[in-house]
Structure formats: C-alpha cells, structure tokens
Amino acid sequence: NETVSSNFIKNIIIDDLETGKHKSIVTRFPPEPNGYLHIGHAKSICLNFGLAKEFGGKVNMRFDDTNPTKEDVEYVDSIKNDVNWLGFNWDDLFFASDYFEEMYNRAVLLIKKGKAFVCDLNADQIREYRGTLTEPGKESPYRNRSVEENLDLFERMKNGEFADGEKVLRAKIDMSSPNINFRDPVIYRIAHATHHNTGDKWCIYPMYSFAHPLEDAIEGITHSICTLEFEEQRPLYDWVVRECEMESVPRQIEFARLNMTNTVMSKRKLKLLVDNNVVDGWDDPRIPTISGLRRRGYTPESIRNFCAEIGVAKADSTVDSQLLDFFLREDLQPKAPLAMAVLRPVKLVIDNYPEDQVEVLEVENHAKDETKGKRKVTFSKELYIEQEDFMEEPVKKYFRLFPGNEVRLKGAYFVKCTGCVKDENGNVVEVHCTYDPETKGGESNDGRKVKSTIHWVDSKTAVPAEFRLFEPLILDDIEENKGKDFLDQINPNSLEVLEGFVEETQLKGAQPLDKFQFFRNGFFSVDTKYTTDEKMVFNRIVPLKSKFKL
Ligand code: ATP
Ligand code: MG
Ligand code: MG
C-alpha cells in the first residue's frame, strides 16, 4: 500500500495481531467539526485509513462533536467531502454526541464508585488549586461530598438548575500526582448552548479527556492514534477506560504532528485568516486546507504520496512545503496536457507574413510523451508572446528576442526580431520580426541553430484568461519575523493576478479543476470560484522547476 510507509505504529499492530491481543484492528479519524480539514489532518487520515486497509481492519469516521459552541454542520459536510476526495471511504460514520447518554451513565458510575465529585470552585480557583510541576496541588473543599450528594447535584446539573461555570464534575484521582492531568481533572462542564446534533437536550458536556477514551471504547477502537501533545494524557485515558469499566480497551498511540514551512496549520489560525478576510474563504488556494489545496490544483495522489514520504515519527519536525510540490509535479508531469498560455502578453507582429493568411500547425500534446499525439493550433501575422521574451537591450546571456536575434516559435517558425513599437511612456506595445518560411515546424533546412524556443498564442483565436500566481502566505523564514504573531507575518505579495491569453484548441471547454501544463509557465488548474462562462481563471499550482531536491 502506497499510503503507509513502514513505521512504529505498524510494528505495534503486527505484534498485537501475532500475539492474538486483537483478531483484527479498528482505527478512527476523529475530527472536531469546528473548521475545515488541513494537510495535517491528511497525514492522520492517510495513516488511519491506510492502516485499516493494509491490515484488513475497519476505520470509523467519527465527528468528535462534544463542544456545542464552535461546531457547525457546514464543517461536517466539508470534512466528509474532503476525506472522500482524498480517496478514502470509512466503514462506519459516528457522531460522538450520539454517546452523550452513555457518557452520562459512565460518569454516574464514577460517582457511585467514589471516583468523581461535583465541585463548586470556579475555573480560576481550580487552576490555582492544581499546583505546578514542582508543587503538589491542593484538594478542593468539595472533594469529600457524599456519593448521594454528588449524584443529586450531578443530576441537577443535567436538569439545568445551575448556570454555566457554577459547578463542574471532576474525577477524583490524586492531587499530588506528578502527572498534572491526574489532579482531579474536570470531566463535565455546564454549557447552556444549542448543539448542532442534540439541540437543547443537554446543558452539560463531557470534556475531551473524558469523552475521547469513552468514544474509542464504545466503538471498539483497537488503536487510537493521536498527536504527540496527548502523550501526557495517556495515563488519564487509560484511567477513564478502566474506571468506567469499558468492555473494550483501546490503546492510545501518539505520533508527531505535521508542521510545514511558510504556512499555518491549525484550524484556529486558519479560521482567523478566513474571518479577517486575509484569504477569500476556507478554500483559498494559498492555505493548506484540503479544500484550498484542491482549488489550487493539488491532486489526491500528490497529497497521499507526500504523506507516505514524510512517514510517521515520534519527534516533531517541520517539513519543507516544496516537498508537496515535488509530488504534485511527479503526479501531473505524465498526465497534464500541454498547452500554450501567455501570462503577460505583448503583441508580436510578423512583418513579412501575409495579412489575411491563417495557417493550421500541429503541436505536441505532451512535453515528453509522443503517444499523446498532436493538436492543431492556428498561426497568423499577429501573435501574443510573453513580455519577458523581448528585451530591446539584452542583458548578458539573454538569448530570446532582441533586435537582430533569431528564436524558434514553438512548433511554428524561426523568427528574427527587427525592433519594437513603444507608447508615449516608453512601454513596449509591439515587437516586430520577420519569419523564415523554410523553417516550418520549427526546424531549419540549412542546419542553422537558435538558442531559444518561446511560446505564443495566435491573436486571431486567443482566448482571454486570468492567471493567479501564488507565493507563500506566511513569511516565516525571515529572521526578524521569528516570534511574531502570524497575522503580522502575512506576505503582502502572496497573490498576483495577471490578464493574458490561452490557446483555444487545448483550453476550449476546460472545466473547473482541469489541469494543464502551460509551456514554460508551470502547472495550472482551472479555478472553481472565479471562472465564469465569459472568463477562464487559472490558478498556478506550481512552476515547472523547483529549487528543492529530494
Ligand atoms: P487543529 O489544532 O489544527 O485545530 P486538531 O487536532 O484540533 O487540529 P481535530 O479535528 O481534533 O483537529 O483532529 C482530528 C485528527 O487529526 C486528530 O486525531 C489529530 O491528531 C489529527 N491532526 C490534527 N492536526 C494534525 C497535524 N498537524 N498533523 C497530524 N495530525 C493532525
Ligand atoms: Mg481539536
Ligand atoms: Mg487543536
């Protein structure tokens, strides 16, 4: 299986299957529906779905929706869509909120066993009493309430008799434990809020560290994979499963979360970018959400291969975002049709070409693969070329168009530059040249060579198009930016919008998300948001070459 490289989690699973601890495995992907998924989640998805597939087990899609205030159905729908788009299908779909009744009953069980109590301290006091790494905590004055009193108060919490924050339910474990998570953690809180799934049925909600182990146990998860920051919570996770007398015992395994350069990777920060209109939505092509990557043009294959390559480790690290680009190029190079597009156009006029003549030339459909055949494109006296392919006064090693120099027009003819026309501001508005009719197809009969091949689009059939080029959104590699709030590190030049032309043949009828290799300009994808019947908009996924070496 391409999606999971050899890793320590696999070894644990192999061991568990060999020793008969489990007959088969069950994993889960448990997002909280409080934002869109990002590429960090893709790593977790590839891992959980990949392991289930590789070992013939099951994988649950579970919405960890135990926090009523931040969650929304919009997020639920986008998450499902993103997981499917990445190429994965779950065995079962669950909502943690469907377990509220069961979780409540397990909390009651804890109370009956003398392992939980209702506490009236407020959040600040609880924090104060908790102590520090070097100092033991102090016991709450409410810690020794009787079982009867606790049962009564907890039921009244459930019935809505108290205001938010007035009371909490806490596990009764050990206020002097070296593991702070064991110092009577809060397991239920009051929140009079409407929940997207259960409505107003509940006004008490379980805390993550209580809810998550129960969710895993209820679903019979064998291997519960989470990120490293939960390592210290593992003893509490095991405590909850044990003390709540869950039949099925899941094992929590931590792995390093994915971090990438020049971007942000947390739903909270991504939401800030969206809410502050720094980006144009959760699917902005500059952010690493799955929907942003999709809209930019990244393919599921490139993301899966990226996740397989970075592998699974126990230590945090930051991956260069150009590694993802590498896998995108590798995926698209063989697939994407070749086309000509001029991003920053200037007219090229061929003075010795007959005024009304239109020729049909054949150019290859793929940069390297001849079996992809050829297509017909028109050619006439006036073409569009890139502004940067002409210099009136060439710099050293400039081999493109300048007065007196000859270049090849891709798949067409040799042309020799004769000069240019400028407007009153000195901007070049037309480049002039003559062509050699003997060089049709782009080869000379007399063995004459040219150093450059440039692309072009025939002005008679050119289709106007918008191109969107991207740079990293976050400037985090600049020394002075280290330690700054990420909102102050936004790259002001992360988006460049250009108006140019594309050839008609290859691009006619192109649909949103269709991908192309634009000769010399990179891989592009048709934008899903701004493309209209009148105007095509292309997102540059990546340029053709990168500085990055694997
Ligand atoms: P964020 O901090 O971005 O909001 P989260 O961890 O709160 O992410 P959840 O919806 O709770 O998001 O995560 C669902 C699953 O995805 C969890 O199992 C979590 O461990 C995993 N996950 C989240 N971010 C990353 C990441 N950067 N790398 C790897 N796995 C991640
Ligand atoms: Mg979370
Ligand atoms: Mg988080």
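This is a guided tour of a predicted model, moving from the ligand to the helices, the cores and a few loop residues.

Begin by selecting ligand 1 and the residues around it, of which there are 15, the closest being Pro31, Gly40, Ser44, Arg257 and Lys267. Three elements give two or more residues each to this shell, namely α2 (39–54), β8 (223–227) and α9 (267–275). If you colour the shell by class, you should find five nonpolar, five polar and five charged residues. Which element gives the most to the shell around ligand 1? That is α2, with four residues, and it is therefore a convenient place to go next, since α2 also belongs to the following stop.

Keep α2 selected and add helix α11, residues 300–310, whose axis comes within 9 Å of the axis of α2 and crosses it at roughly 75°. Because an angle from 65 to 115 degrees counts as roughly perpendicular, α2 is described as roughly perpendicular to α11. To see where the two helices meet, show Ile39, Ala42, Lys43 and Cys46 on the α2 side, together with Ile303, Arg304, Cys307 and Ala308 on the α11 side. By class, this contact has six nonpolar and two charged residues, with no polar residue.

Now turn to the largest nonpolar core, which has 90 residues, and pick out Ile385, Val431, Trp456 and Val457, the members that touch the most other members. Here α2 appears again, for it supplies the largest share of this core, eight residues. A second core, separate from this one, has 36 residues, and Ile187, Ile190, Cys203 and Ile204 are among them.

Return to the largest core and centre the view on valine 431. Which residues does valine 431 touch, once those up to four places away in sequence are set aside? They are Val346, Lys347, Leu348, Ile385, Phe390, Leu401, Cys417 and Cys420.

The next selection is helix α12, residues 322–332, in which the buried residues are Leu324, Phe327, Leu328, Arg329, Asp331 and Leu332. The cover over these buried residues includes α11, which you have already visited, as well as β25, β26 (522–526) and β27 (536–542).

From the helices, move to the loops, and start with aspartate 72, which lies between β2 (58–63) and α3 (73–85). Aspartate 72 counts as partly exposed, because it has 13 C-beta neighbours inside 10 Å. Leaving aside neighbours within four places in sequence, its contacts are Pro33 and His196. If you draw a distance from the C-alpha of aspartate 72 to that of leucine 270, it should read 16 Å, although the two are 198 residues apart in sequence.

Finally, look at two residues with an uncommon backbone angle. Most residues other than glycine have a negative phi. Aspartate 184, however, has a positive phi of about 45°, and you will find it in the loop between β5 (168–171) and β6 (186–190). Leucine 513 also has a positive phi, near 80°, and its place is the loop between α13 (504–507) and β25 (515–518).

Is each of these loop residues buried or partly exposed? Aspartate 184 counts as buried, because 23 C-beta neighbours lie inside 10 Å, whereas leucine 513 has 15 such neighbours and so counts as partly exposed.

Key
Residues numbered from 1 in each chain as written. Chains lettered and ligands numbered in written order. Predicted model: local features only at pLDDT ≥ 70, side-chain atom pairs only at ≥ 80, totals over all residues. Buried ≥ 20, exposed ≤ 12 C-beta atoms within 10 Å, placed from the backbone. Near = placed C-beta within 6 Å. Nonpolar A, V, L, I, M, F, W, Y, C, P; charged D, E, K, R; others polar. Axes fitted to C-alpha atoms, helices over the stretch in contact; angles between N-to-C directions. Parallel < 35°, antiparallel > 145°, perpendicular 65-115°, else oblique. Contact = placed C-beta atoms within 7 Å. Core = buried A, V, L, I, M, F, W, Y, C linked by C-beta atoms within 7 Å.
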